[in-house]
Amino acid sequence: RPPSVPSPRLFRGLAGALLRDMDEQRRLAAPALAAGKTHTASFAHRPTGWRVRCHRAPMLKNSELSASAYSQGAWRRELGLTLYAGQHLPGQLYGGNSLELYHPASGVRISFCALEALRSWAGLDCAPVPHLSPSAPLPAWDYTFTTAYPGAVAVAPPGAGVPSQPDGTTFYARAAVDLADGPARLRRPLCKCRGASGRPPLVPVSDPHPLADCEPAPPSPPPPPRWRRAAEELDLASLLRGRGDAPPEFCDSVDLWEDNLDPQSRSTLRVRVVCTGSLLLASLRCFVRVNGVAARVVDTRYLLRPDSVLRARSWREGRWAELAGEGAPSHVDLGPDEDSLAAARLPVVR
């Protein structure tokens, strides 16, 4: 079910304490990030039994020639993007940032990071939004980085494999990958080895059991619980309103990317967490604005409890007039709450 959208005014009622706490978390992380180091903030929410871990790292190196795995060149190769087709990554990509929600009693972990979100974007292959100018050619790929990534659920300790880094495991079929040089083709084998069946052998024929002396593989972790449909709705507005002006015990906002292509478009992916009283709320939002054309808000929200998790997802999308108003110019300053404003105005399409 789509989550309810609190009005920007409701957020402003809680905004004073939230923004002060979020600014404080950024201030604490600033010295480490400026020195090229990482910063981690943790909080144990006793009413629910969940633990929050926010990890920040310097922005991904914007280099095509760097041999480092922590560079845009390495990430572009991981995702199969090519500059020949004009493909790029978000200008500000926080590949080392992550937010984790861990439940020690069950071992369940809900995590959010940039590479998994970009893998979801690449697999979604959303239809490109046309530019405002009618003379501009239609883009051949989704330059808005729209992703329906809801986060990842696993049975694993905090920090194990999060945030994800390039490891050569991103495989998918996508037309945009082949824009430069056509569809991929299997090359002919370089050797002429043949087994009894006439095909190349998978293992040497002289040793039919080459893995007999190897150590057994470690057991795989148990699968995480499966999501089930629930009749209950996640009414975030009512939950926040019920807290009144009580200050939160902990809140933080972690950026995963921002791509600001003004005057053409803007794309952000950000995850937030709020711990106030008995409530533990998390929200992942992908916001896209293409000036004069359209806007999107893709939300995933979580309400975490001691024995269950309620998740709500929605996709809102509409024309520029639905966001800025009929007759509005193509370039309008909607203020710092433009994503909340868009979520309140745009219709739910999924």
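User: Let's start with one residue: where is the place of D125?

Analyst: D125 sits in the loop between α3 and β6. Helices here are DSSP runs of H or I with at least four residues, strands are E runs of at least two, and both are numbered from the N terminus. Before going on, note that this is a predicted model, where local features need pLDDT of at least 70 and side-chain atom pairs count only at pLDDT 80 or more, while totals for chains, interfaces and linings use all residues. Residues are numbered from 1 along each chain as its sequence is written, and side-chain values use heavy atoms, with hydrogens and water left out.

User: What is the phi of D125?

Analyst: The general idea first: most residues other than glycine have a negative phi, and most peptide bonds are trans. D125 has a positive phi, near 50°. F145, in the loop between α3 and β6, has a positive phi as well, near 55°.

User: Is D125 buried, partly exposed or exposed, and how about F145, buried or exposed?

Analyst: Go by relative accessible area: buried means under 20%, exposed over 50%, and partly exposed in between (1.4 Å probe, protein chains only). D125 has 34%, so it is partly exposed. F145 has 0%, so it counts as buried.

User: Which peptide bond is cis?

Analyst: The bond from V162 to P163 is cis, with omega near 0°. P163 lies in the loop between β6 (152-155) and α4 (236-243).

User: How do I read a helix such as α2: how many of its residues are buried?

Analyst: In general, an α-helix has 3.6 residues a turn, so residues three or four places apart point the same way. Helix α2 (residues 72-79) is mostly covered, with seven of its eight residues buried. Those are Q72, G73, A74, W75, R76, E78 and L79. The cover over them includes β3 (92-93) and α3 (114-124). Just after α2 comes G80, with a positive phi of about 75°.

User: Which residues touch the most other members of the largest nonpolar core?

Analyst: A nonpolar core is a set of buried Ala, Val, Leu, Ile, Met, Phe, Trp, Tyr and Cys residues joined through side-chain atoms within 4.5 Å. The largest one has 47 residues, and L101, F112, L118 and V273 touch the most other members. Take L101: setting aside neighbours within four places in sequence, its contacts (heavy atoms within 4.5 Å) include W50, V52, I110, F112 and V273. Another core lies apart from the largest, with eleven residues, among them A295, V297, A324 and L334.

User: How many disulfides are there?

Analyst: A disulfide is a covalent bond between the sulfur atoms of two cysteines. Here the rule is a pair of cysteine sulfur atoms within 2.5 Å, and the count comes to zero. For C286, the closest cysteine sulfur is in C126, 9.4 Å away, which is too far for a bond. C286 is buried, at 2% relative accessible area.

User: Which residues line the largest cavity?

Analyst: A cavity is a set of points on a 1 Å grid over the protein atoms alone where a 1.4 Å probe fits but cannot get out, and lining residues have an atom within 4 Å of a point. The structure holds one cavity of 30 Å³ or more. The largest has a volume of about 40 Å³, meaning the space filled by probe spheres set on the points, which are joined across faces, edges and corners. T147, Y149, L269, L284, R285, C286, V298, D299 and T300 line it. Both β9 (279-290) and β10 (294-304) supply at least two of these lining residues.

Definitions and conventions. On a 1 Å grid over the protein atoms alone, a cavity is a set of points where a 1.4 Å probe fits but cannot get out, and a pocket is an open set with protein on both sides within 12 Å along at least five of seven lines; lining residues have an atom within 4 Å of a point.
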